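Visitor: Please take me through one part of this model in close detail. I would like to see how its nonpolar side chains and aromatic rings are arranged.

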Amino acid sequence: MFSLGEDEKKLVEAALPDKGEYFWLVRFKGGKVDYNEAFTSPAELIGAAEGLLEEGIKKGEPPNLHYAVASFSSDTSRKDVNATHHQAFYVDIDVRSDKDNHYKTETEAITAYQNFCDSFGLPIPTSVRSGGGLHLYWTLKEPLETKDWKEVAQQLQFAAQLKGF
């Protein structure tokens, strides 16, 4: 049986609020969305992810899994208007040597986010390689309602833009 690493499980559990519905989307080769499913708990999402990853690895086609970093009021939609709580702030950093407005190397991206954190007195986030860069997560001890989370997220976005991050 394939199992996510303990660090990955801990991050999913820390980043998701403890109430509501949870969503993921899954892409296989070619990039089209093959699954867009709702789950009733982070543990259920993790279990399904492990099963799908095991299946993909056996077929020689491991999927790309993305989970929505929020909880939702129903299992009908993972759109913003349906989000009720957030328990993490996050940033997606693209690393591509062939594109302008992207970091050229992972080392350059890491240095940039460390400098950003130092500039604003932020803790160093948990970072995950995303395949095309890095995902950064600042997890919270308690969930925030979406309206409160958005206020802080907008401030974080403004700070990042101010520093060219």
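**The core and its rings**

Guide: Start at W138. Not counting residues up to four places away in sequence, W138 touches Q87, A88, F89, V91, F116, C117, L122, P123, I124, P125 and L156. The model is predicted.

W138 belongs to the largest nonpolar core, which has 17 residues. I93, F116 and W138 have the most contacts inside this core. Four elements give two or more residues to it: β5 (83-94), α3 (106-120), β7 (133-145) and α4 (146-162). In soluble globular proteins, nonpolar side chains tend to be buried together.

Now the rings. A search of the whole structure finds six aromatic pairs. One of them joins F89 and W149. Their ring centres are 5.7 Å apart and their planes are at 5 degrees, so this pair is stacked; the cut-off for stacking is under 30 degrees. F89 sits in strand β5 and W149 in helix α4, so the pair ties together parts that are 60 residues apart in sequence. F89 has a relative accessible area of 8% and is buried. W149 also counts as buried, at 11% relative accessibility. F89 and W149 form one aromatic cluster with Y90.

Next, F116 and F120. Their ring centres lie 5.4 Å apart with the planes at 55 degrees, so this pair is tilted. Both residues lie in helix α3. They are four residues apart, about one turn of the helix. Their exposure can be set side by side. F116 counts as buried at 3% relative accessibility. F120, at 35%, counts as partly exposed. Buried means under 20%, so F116 falls below that cut-off and F120 does not. Recall that F116 is also one of the residues with the most contacts inside the core, and that W138 touches it.

Apart from this core lies another, of 13 residues. L16, F28, I46 and A49 are among them. I46 and A49 lead to helix α2, where both are listed as buried residues. The other buried residues of α2 are P42, L45, E50, L52, L53, E54 and G56. Helix α2 runs over residues 42-58 and has 17 residues. From its first C-alpha to its last it reaches 24 Å, close to the 24 Å expected at 1.5 Å a residue. After α2 comes G60, with a positive phi near 75 degrees.

Methods
Residues are numbered from 1 along each chain as its sequence is written. This is a predicted model: local features need pLDDT of at least 70, side-chain atom pairs count only at pLDDT 80 or more; totals for chains, interfaces and linings use all residues. Side-chain values use heavy atoms; hydrogens and water are left out. A nonpolar core is a set of buried Ala, Val, Leu, Ile, Met, Phe, Trp, Tyr and Cys residues joined through side-chain atoms within 4.5 Å. Buried means under 20% relative accessible area, exposed over 50%, partly exposed in between (1.4 Å probe, protein chains only). Contact means heavy atoms within 4.5 Å. Rings of Phe, Tyr and Trp (its six-membered ring) pair if their centres lie within 6.5 Å; planes under 30 degrees apart count as stacked, over 60 as edge-to-face and the rest as tilted. The expected span of a helix is 1.5 Å times one less than its number of residues.
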